[in-house]
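The following paragraphs consider the charged side chains of a predicted model. Please keep the sequence and the coordinates at hand while reading.

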Amino acid sequence: MVSRFLVIGTIAVLLTACGGDKGGSSCKQDYWDGERFGTCLPDDWIVIDTETLRQRGVPDDTLVAFQSDVPVAGQFPTVSLTWEPLAQVVKPADYSAANIRSVGVFPGYKQVDARDIRIDDEKLTLHIFTAQPVSDEPLHRYYQVSTVIGSDGYTLTATTPVSVDDDLENQILLIMRNATFEIPEE
């Protein structure tokens, strides 16, 4: 899991270089990948598809990323979804707790907050923390929630500058609170 978090940190670095107007925190666009994941995007957030991610050197375990068009401290906030096959089926809450423990070893790690969040009726922990997983990159704030669907583990991670205003936090929370692995009804 630690190496997966390094991948997430690398993704954030690769994606923050790309990228404004002020965005709101209401749903402006529904997103469904056509197979397994959906959410709701606020205004001024774009989808970075798998092909673009691969062209930027992002590893295959990243399924999709969403990025704000509005820079914050020279960075573009990004939310990414990673996937990993699990050797054994575990409860979503246990997988979430293991991912929370795994990031505690990073330089600059400090838990900022932990909140309950529901994804498809599963109560999970949204872990908010700061860390510097890549030594030559600045300290970042992360919003992270992990869950299990079948024998697959998924982690949704937002990467931002350390300081965020309420508007940006609300946009990130909108994306995370609307995350689903259930096929939408037509």
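Asp113, Arg115 and Glu169 are joined in a network of salt bridges, a salt bridge being a side-chain nitrogen of Lys or Arg within 4 Å of a carboxyl oxygen of Asp or Glu. Within this network, the side chains of arginine 115 and aspartate 113 meet at an N to O distance of 2.8 Å. Arginine 115 is partly exposed, its relative accessibility being 25%, and aspartate 113 is likewise classed as partly exposed, at 27%. These classes rest on relative accessible area, computed with a 1.4 Å probe on protein chains only: buried is under 20%, exposed is over 50%, and partly exposed lies in between.

How many salt bridges does a search of the whole structure find? The search returns four. One of them pairs arginine 54 with aspartate 60, whose closest N and O atoms are 3.0 Å apart. Arginine 54 is partly exposed at 26% relative accessibility, whereas aspartate 60 is exposed, with a relative accessible area of 60%.

A further salt bridge brings together the side chains of aspartate 116 and lysine 123, at 3.5 Å from N to O. Here aspartate 116 counts as exposed at 57% relative accessibility, while lysine 123, at 45%, counts as partly exposed.

The model is predicted, and local features need pLDDT of at least 70, side-chain atom pairs count only at pLDDT 80 or more, and totals for chains, interfaces and linings use all residues. Residues are numbered from 1 along each chain as its sequence is written, and side-chain values use heavy atoms, with hydrogens and water left out.
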